[in-house]
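Ready for some practice in reading a protein model? Take a moment with the sequence and the 3D view, then work through the exercises below.

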Amino acid sequence: MTQSNKKRIVFTISKPVVGGAQFWVSNLCRLLKDEFDVHIITSCEGWLTDNSHGATIHVIKSLDTVSLICFRNLFRCLRVISPDVIVSSSAFAGFYSRLMHFLIPCRNVYVSHGWSALYKTGFFSKLFVLVEKLLVYATDYVLCVSNEDAEKAINNIGYGEHKVKVISNKVFIDTPSHKLNLPNGFNVLFVGRLEPPKRPDLFISSLKSHLSIHGFIIGDGSLKSKLTTTNNITFLGEISSFNNFVEFDLFVLASDSEGLPMSAIQAASVGVPLLLSDVGGCSELIDENLPNGLLTKNTIEDFTNNLTTILNDYSFFKSNAIVSKEKHNIVTDKLLYINLFFG
């Protein structure tokens with residue numbers, strides 16, 4: 001492999017499927033591609049490899065499971081690339097990549113997109129936390145996408161404050177390439193894989209009291225077959241690189257755990273009011289001084305009541321959302337990322 005004179009950054013992530021962590025990696029590739037030699041290592045081809053913005057792709061099978069062969073192949077791949085920094089997202093990729101701290105001489109950054117194991121109970125949750133506590137010693141920095149995640153890294157995992165950095169998720173603000181031709185009236189959007197910890201059931205239940213509202217769900221997964229819907233709910237399936245948030249009147253995120261959700265940030269970046277579960281860093285997307293939406297507990301009653309509140313004073317929330325939208329442009333944080341990754 002011919003090495004570039006540019007500094008080399010490797011993003012490792014277990015799976016290339018559509019998701020918040022993958023969207024973050026895609027955005028960082030786009031942000032840094034002109035100045036750095038960018039690589040992605042993942043377990044197979046998928047959404048992320050199709051949206052890599054010119055990054056060099058390396059596929060290492062079993063990166064999403066426990067495998068000694070995977071560890072060996074990752075070491076061989078990294079030894080050839082000779083990176084200046086490894087930036088890992090997701091549990092398995094983060095595990096393998098941080099063990100490379102002892103074998104590959106470079107900076108090692110782990111990105112927490114929400115410490116989801118802390119919300120769970122049982123043996124595997126405890127095991128994850130134990131492993132994470134040990135990996136503290138193999139991690140130069142942990143990058144948290146919300147202040148809430150940073151507090152958990154320090155108080156629950158055991159990272160020293162000097163190792164914990166916070167750069168809130170932001171997005172590129174792009175114009176949609178096409179229109180969805182939505183029906184007239186009030187259109188509400190839910191975006192997310194229909195898998196736990198997402199709660200599309202709460203979204204659907206909240207709209208049963210507002211049958212004049214059109215609800216749209218973008219995403220697919222095992223939860224879909226378990227949902228009881230009404231005539232005002234439309235499933236649009238999984239849409240690659242969806243960015244038509246501006247066409248909707250309200251964005252709803254219902255979830256049992258989050259870091260700082262990319263879909264909500266995308267909606268906020270184009271001035272769409274938000275109704276978000278009060279989990280993870282979601283509170284950091286609601287402006288206390290100029291409320292651009294509401295936080296809600298994960299009950300049908302609270303979701304329904306908060307939806308009603310937004311509907312009754314929609315012009316107030318919409319005008320605030322328009323004022324606050326410029327806060328979410330990722331371009332403004334470019335130097336923060338460069339300084340963290342390369343010192």
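**Exercise 1.** Does Ser-52 count as buried or exposed?

*Solution.* Keep in mind that this is a predicted model.
- Step 1: Locate the residue. Ser-52 sits in the loop between α2 (47-50) and β3 (56-59).
- Step 2: Compare its accessibility with the cut-off. Buried means under 20% relative accessible area. Ser-52 has 8% relative accessibility, so it counts as buried.
- Step 3: Look for a partner. The Ser-52 side chain reaches the backbone oxygen of Thr-49 at 3.5 Å.

**Exercise 2.** Find out which sign phi has in Ser-82 and in Ser-90, and work out how accessible these serines are.

*Solution.*
- Step 1: Start from the usual case. Most residues other than glycine have a negative phi.
- Step 2: Check Ser-82, in the loop between α3 (68-81) and β4 (85-89). Although Ser-82 is not a glycine, its phi is positive, about 55°.
- Step 3: Check Ser-90, in the loop between β4 and α4 (91-99). Its phi is also positive, near 80°.
- Step 4: Turn to accessibility. Partly exposed covers the range between under 20% and over 50%. Ser-82 is at 35% relative accessibility, so it counts as partly exposed. Ser-90, at 24%, counts as partly exposed too.

**Exercise 3.** Which residues does a cis peptide bond join?

*Solution.*
- Step 1: Recall that most peptide bonds are trans.
- Step 2: Look at omega between Pro-196 and Pro-197: it is about 10°, and the bond is cis.
- Step 3: Place the bond in the chain. Pro-197 belongs to the loop between β8 (187-191) and α7 (200-207).

**Exercise 4.** Describe the lining of the second largest pocket.

*Solution.*
- Step 1: Begin with the space, about 310 Å³.
- Step 2: Go round the wall. The lining has 20 residues, and Phe-23, Arg-30, Asp-174, Asn-243 and Gln-266 lie nearest the centre. Two or more residues each come from α1 (20-32) and α8 (262-269); α1 gives the largest share, four residues.
- Step 3: Sort by type: 10 nonpolar, eight polar and two charged.
- Step 4: Follow Arg-30 to a ring. Arg-30 lies over the face of Phe-172, 3.9 Å from the ring centre.

**Exercise 5.** How many aromatic pairs does a search of the whole structure find?

*Solution.*
- Step 1: The search finds 15 aromatic pairs.
- Step 2: Trace a cluster. Phe-216, Phe-242, Phe-245, Phe-248 and Phe-251 are linked by ring pairs.
- Step 3: Add a charge over a ring. Arg-98 lies over the face of Tyr-110, at 3.8 Å from the ring centre.

Key
Residues numbered from 1 in each chain as written. Predicted model: local features only at pLDDT ≥ 70, side-chain atom pairs only at ≥ 80, totals over all residues. Heavy atoms only, no water. 1 Å grid on protein atoms, 1.4 Å probe; cavity = no way out; pocket = protein on both sides within 12 Å on 5 of 7 lines; lining within 4 Å. Points joined across faces, edges and corners; volume = space filled by probe spheres on them. Nonpolar A, V, L, I, M, F, W, Y, C, P; charged D, E, K, R; others polar. Phe/Tyr/Trp six-rings, centres within 6.5 Å; stacked < 30°, edge-to-face > 60°. Lys NZ or Arg CZ within 6 Å of the ring centre and 35° of its normal. Buried < 20%, exposed > 50% of the residue type's maximum accessible area, 1.4 Å probe, protein only. Polar contact = N/O pair within 3.5 Å; in protein donor to acceptor, adjacent residues only side chain to side chain.
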